[in-house]
Each structure stands twice: as structure tokens, then as C-alpha cells.
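Grab a pencil and work through the exercises below. Each one sets a task and then walks through a solution step by step.

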Amino acid sequence: CIYRKQTLTVSVFCLFAPPAAATCTEGFVYDRRARQCIDVDECRTLPDACRGDMRCVNQNGGYLCIPRSLYNQPYRPETPDLPEPAYPDPSLGFPDTFVPAVPRSVEPSYPRVRTTAPCILGYTLAEDGTCNDIDECETNSHHCNPTQVCINTAGGYTCSCTEGYWLIGGQCQDIDECRYGYCQQLCANVPGSYSCSCNPGFILNPDSRTCQDVDECNDEPCSHGCFNTYGSFMCNCDEGFELAADGTSCIDLDECSFSEFLCQHRCVNTPGSFSCVCPPGYYVYEDGRSCEDFNECDTGNNTCTTAQVCFNFQGGFTCLNPLQCHSPYIEVSDNQCMCSAENPACRDQPFTILYRHMDLSSGRSVPADIFQMQATTRYPGAFYIFQIKSGNDGREFYMRQTSNVSATLVLSRPIKGPKEVVLDLEMVTVNNVINFRGSSIIRLTIFVSEHPF
């Protein structure tokens, strides 16, 4: 006879199932009252579990088919030097699994093998007379599915699945751990296991499951400032710069292109800022934008001689020569010439000529009052007439009388420079009581500067 152990037991771990819906490995069924898996008696539940002259013997998680001729016989080891005992002698070192003989009047509830073999099925006789377990897994005498793993047990073996697999339809199939949220972020299922990874901006923790944020600012990815965010980072730029399209570098802002009114004269862009410049003869005022005339006469930055008088105007200066009165006029002060009434040559000439100077910008808005003239000596019964006697060739000026003793010179049309305009402003004194008529002249020199703004 050929003795064959058949073990159909498969061990599988139950994953993520509540006790009420627990699943057991093949050969076991879940007992709700005991709240555990209990063995299924295949010999009772399976029809024709063993065929022919084979008898079914239930085991934990499986069953055995053994020829009926091996049952209901007392165990008698064949030892020549010892008398045949009615049951195995413990002094011989037989394992506890051996079945002792029972009185014939009592039917045993377990099979008794009638054989000359000294050991029961699943064991082999050693040289010292003891029965040693047969490792069916090592001898490859098991019947586990190729996808299963053989686990040796006392007197038999168990078929199970390796970690990462479970038994479905008699086959060990891979468990998709990614379905159960093993990974915090990204999960890749592999046969028998899984692999976790993280989104960009995170690194995997030592537990190989969770992810932690990466502080990208430590690597200084931004050209100016960096602000770390969860899973990423943001770059910012210093004042006067804006973020480029790459999101990390900064480019200069051309503030001069924003408005033409940033500077009074000219705007010059600089990295991160701008500056205002003024034309020659001007300097940048305290506000950094306006232009102020540079007074060369006050600072001494001029070319006038000691005999000359420095006269400052917008954007420049001029050197005035000492006053020279032409005959029949005589000098009475630094800026006044007089023609004496006692001199016959002065009869038809203005009594005095007073020299004045002023500057005027080309961009002056019109109309504009620019100079005032009035009588300094008043006579009873006299009245005064003010007029422009000469120099107003372009008709840019006119006199507006503001009282009976005063008048104002008005700029009526825009005037362009640079140029020099000399106006003779005449005040005529008329006294009909004494039949007197005389005049005085203010010779006004106007330096018209070029409008730089």
C-alpha cells in the first residue's frame, strides 16, 4: 500500500474586516458566538470526501484519506528483543501522538492503524527507534498550489500565502495595499507589497508612508526673497523690481515709463529705482524731482570780473558792464542817468533813465503781470500816462494802468528764448495848470531763458 497524507489547510491573514464579517482561511468557518475561526469537519460536510477503500479523517484545517484496512488495529511496534505490549511503551520514546491500546470492548473515537509500521502517518522511524516528523515541505511531498507556501506542521503541513497575498479561489493573489490608504500621498502597488512616494515639494519620512514638507528656500531658489509654502514656495522681489515669468528671478521696473510727470525735466531709470536730472544751470531740488535754478552769482561760479555785475537768471547768468550814461545824460547813481533841465539839449529828452533787469522763462503762461511801474514824486494837479515807448516789436507786452500813479507791464503772448528783450517803459507827467509835460524812462532788460522742462 502507498500511504499519502493529504493536507488542504491554507493559512491566510484577514485584512481590515470587522469581526461581524470576518473571513477565515479555507478549512475554517467563523463562529459568531466564539468570535473566532473554528475547524470545518470536511468528512461530514463534503460528500464523498474520500473515494474507494479510503476513509476520511478530519484534521485541523483539512482532512486525510487513509485506507480502511489501517483502522481499528492496535498499535504493535516490531521490536525483536521486546515482547509485544498491548500499547506503546513510553520508555521507548514514542511521541505523545501515538494512540495507546484500549480495551476491545470500547470503540475508540480515533483511527487505530493496523500495520507493522512502527510510526503513524506523517512520521518516520529514526535509528534510535523514535518517530520523527516528516518535513513534507523540504521533501517536496506536499500538495500546495504553486502560488502557495508550504508550512510544515507536526505530522502534516499547511499551505499558506506569503505576506502581501491572500487566498482567492484556491490561488494566492496579490493584495492591493493602495486601496486601503497605506500611503499618505502617492502609492504604487507591487507584487506582494507596495511603495509610497510623495508629491513634488515633499519628501518621504523614515516610516516610508508619510510625507513632510520640503523647505525649498534653504536652497535659495529665488534671486531676491523666498517664502516657503506647504508643498511649494513663493518668490518676492525688492522694491523697484517685479517677478519674471520664471517665477524665481526679478527684473527691474522702468518707473520712468509709468508717467511723464515723475520728474520736472528728465527721468533716468536705475536698477530698482529712478533719478531725476536737470538741464545745465539747474539742480535737483530736495524733493528729488523738481529743478531749481543754480544761482551762479551767489555761489561765485561765474566768469564776471570785479568791475562787472553778475546777474542771475533761470538756467544761467550774465555779466553786466558798469553803467555808462551817454551825453547829454550824466550818471547820478549806479543804475540811473539824468538829463538836466538847465541843459538845452535835454529839452526834448526824458528827464531820467532808470536801468532795470529781470529774467523771464519761455514757458510762462499768459497773460501774466511781470513788472510794475509807478510815480515816486507827485505834483498837485498832475496826471500820469504809462506806455511802452520802444522794444515791443513782437507785440508780446502791453501796459495796463492800475491807478492814476501806477501801471503794470503785462506779458500778453508766449515768448520763446533764449533771447534778450530791451523795453523802454515811459511815464509821461502832464500838469495843465502850469502847462508842464515831462517824461521818465525805465529801460527794462528782460533775459528770456529757454524753457527746459
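**Warm-up: the whole chain**

In this protein, residues 24 or more positions apart make up 37% of the contacts with a separation of 6 or more, a contact being heavy atoms within 4.5 Å. Before going on, note that this is a predicted model, where local features need pLDDT of at least 70, side-chain atom pairs count only at pLDDT 80 or more, and totals for chains, interfaces and linings use all residues. Residues are numbered from 1 along each chain as its sequence is written, and side-chain values use heavy atoms, with hydrogens and water left out.

**Exercise 1. Work out the secondary structure count of the protein and the share of its residues that is buried.**

Step 1: The count gives three helices and 34 strands. Both are DSSP runs, numbered from the N terminus: helices are H or I with at least four residues, strands E with at least two.

Step 2: Of 453 residues, 32% are buried. Buried means under 20% relative accessible area, exposed over 50%, and partly exposed in between (1.4 Å probe, protein chains only).

**Exercise 2. Lay out the open sheet that contains E29, E31 and E32.**

Step 1: Write down the order, E29-E32-E31, with antiparallel pairing. Two strands pair if DSSP finds at least two bridges between them.

Step 2: Mark the edges, which are E29 (368-374) and E31 (397-403), each pairing on one side only.

Step 3: Add the twist: neighbouring strands here are turned by 30 degrees against each other on average, direction ignored. The axes behind that are lines fitted to C-alpha atoms (for helices over the stretch in contact), with angles from 0 to 180 degrees between N-to-C directions.

Step 4: Zoom in on E31 and E32 (residues 406-411), which share six antiparallel bridges. Arg400 sits opposite Thr408 of E32.

**Exercise 3. Find the strands that pair with E34, and say how well covered E34 is.**

Step 1: Recall that strands of a sheet pair through backbone hydrogen bonds, either parallel or antiparallel.

Step 2: E28 (residues 352-361) runs parallel to E34, with ten bridges between them. Ile353 has Ile441 of E34 as its bridge partner.

Step 3: E33 and E34 are antiparallel and joined by 13 bridges. Here Glu420 is matched with Phe447 in E34.

Step 4: Look at the turn: E33 and E34 make a hairpin with four residues between them, and Asn435 in that turn has a positive phi of about 55 degrees.

Step 5: Check the cover. Ten of the 14 residues of E34 are buried, so the strand is mostly covered.

**Exercise 4. Count the salt bridges and describe the pairs made by Asp424, Glu396 and Arg44.**

Step 1: Apply the rule, a side-chain nitrogen of Lys or Arg within 4 Å of a carboxyl oxygen of Asp or Glu. That yields four salt bridges.

Step 2: Asp424 meets Arg443 at 2.8 Å, N to O. Asp424 lies in E33 and Arg443 in E34 (residues 436-449), so the pair ties together parts 19 residues apart in sequence. Asp424 is buried at 11% relative accessible area, while Arg443 is partly exposed at 26%.

Step 3: Glu396 bridges to Lys419, with the closest N and O atoms 3.9 Å apart. Glu396 lies in the loop between E30 (382-390) and E31, and Lys419 in E33 (residues 419-431), so this pair links parts 23 residues apart in sequence. Glu396 is buried at 15%; Lys419 is partly exposed at 36%.

Step 4: Arg44 and Asp41 join at 3.1 Å, N to O. Arg44 is exposed at 73% relative accessibility, and Asp41 is partly exposed at 23%.
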